[in-house]
Amino acid sequence: MRHFTVLLLLVLAVVLPSINANPYSYSSSRQTDPGDGPGGVDNDGPGGVDDDDPGADGNVPDLGDGNGIPDVSNATNPLCVPWYGIRDAILGGIFHGRCGDEARASVRLAFHDAGTFSDALKAQGLPNGAADGSMIWDPTEVLRTENDGLQPIVSILSPLPAQFGVSPGDLLHLAGVLGVLACPGGPRINAFIGRPFPLNVAPMGLLPSPEDPVPKLIARFADMGFTVRDLMALVGAHSTGKQRFVDPALANSSFDSTVDIWDVRFYAETAAPTTPPDVLKLDSDVNFSHNASTFHEFHRFINNQEDWDEDYRSAHLKMMLLGQNISTLTNCTELMPASINLTNLTINGTVDPTLLEAAIQKYRAPWLS
Ligand code: HEM
């Protein structure tokens, strides 16, 4: 496992070119999944891979033999085969199988890449943002103030598209869904490949600030195509978030008291009048928990992991497809490992650290280092 990354890159150098000499040749040849809903967005992966989270109590897919060589023995779609190795490079080589700084930053990066999409700009035919990977393609985007804190993950991910011969958007948004999954409790979101290269640098001034009033935030997310329910589900990603730039004096404070797990404690603690030690609440999140337009959807997720999982999964899927044409993409959800379900790890309402670590050791073994 120590030589995981090196070995993996060597394997990929041999395997990738022989599998797909032109990595973009797949973009117009999407395999149809009989289980697809309208537009191809569904809960099933291709070849009948069931997207229902099997959890930590069994029915977990084969996770490989842990020797750093991508296990493609269960691959069903040839177009997805090269992506097993890229998955392992991200989940193992970068995240080390855990919900650490890189995994969390990749989730935020997915939002900052896609969150510059605007229906209004699109309608006017103006240069638009999209879930296109421009954040790791254009060297100037990450220098914008609103992207402070994303520089380390951008430096790590930027070379990978060229190294693997894939598009920046596919690479970045695979990292985003793997980042969610690396956090225990994080749902298994569908993975799509085939995004073309970015058309332009993302327009400025479209990413939200914690100081924006709620109506402005609702309007901005509506311009991306999100409902209030989507928005309330998406900000739950702060469940595993830390801040460094909102209050630098409190750098590394988290947004809830369980930063290592993808749970709904964020909603309860944000709405509560008190603040746990080492937690910083963003003004925008607190406002969401009180404002009449968002109160109901925000409070719906308190103590309701199941509803949040479902709503987050569909909102994130929408986010990572913004500005993309799904009919030209390939559904590679088959390469997504199972989610770690927190239910069986919870004793008296709290996730037990020993059970949690045992689940990570068991279900993330091939990627731990
Ligand atoms: C109302 C909209 C949002 C606002 C105002 C907002 C604002 C912020 C701010 C200020 C930070 C801390 C940055 C720092 O100081 O280091 C942060 C972190 C984070 N945000 Fe958001 N955010 C929003 C929506 C989202 C969405 C939609 C997602 C993902 C789906 C997301 C994911 C994250 C994550 C994972 C972090 C933690 C990153 C880390 O720990 O390194 N945010 N956000």
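From which domains does the shell around the ligand draw at least three residues each? The shell takes at least that many from each of domain 1 (4–204 + 320–367) and domain 2 (214–310), with bounds that come from an automatic or database domain assignment. The structure is a predicted model, in which local features need pLDDT of at least 70 and side-chain atom pairs count only at pLDDT 80 or more, while totals for chains, interfaces and linings use all residues. Residues are numbered from 1 along each chain as its sequence is written.

Of the 24 residues around the ligand, R108, G149, A237, G241 and F245 come nearest; a residue is near if its C-beta atom, placed from the backbone, lies within 6 Å of the molecule. Helix α3 provides the largest share of this shell, six residues. Elements supplying at least two residues each include α9 (228–235) and β2 (242–243), where helices (H or I, at least four residues) and strands (E, at least two) are DSSP runs numbered from the N terminus.

Turning to the interior, the largest nonpolar core has 74 residues, and I90, V177 and L178 have the most contacts inside it. Such a core is a set of buried Ala, Val, Leu, Ile, Met, Phe, Trp, Tyr and Cys residues joined through C-beta atoms within 7 Å, with buried meaning that 20 or more other C-beta atoms, placed from the backbone, lie within 10 Å of a residue's own. Helix α7 (residues 168–182) gives the most to this core, nine residues. Because domain 1 and domain 2 both give residues to the core, it lies between them. Apart from it lies another core, of six residues, including I340 and Y363.

Technical notes: A residue is buried if 20 or more other C-beta atoms lie within 10 Å of its own, exposed if 12 or fewer, and partly exposed in between; C-beta atoms are placed from the backbone.
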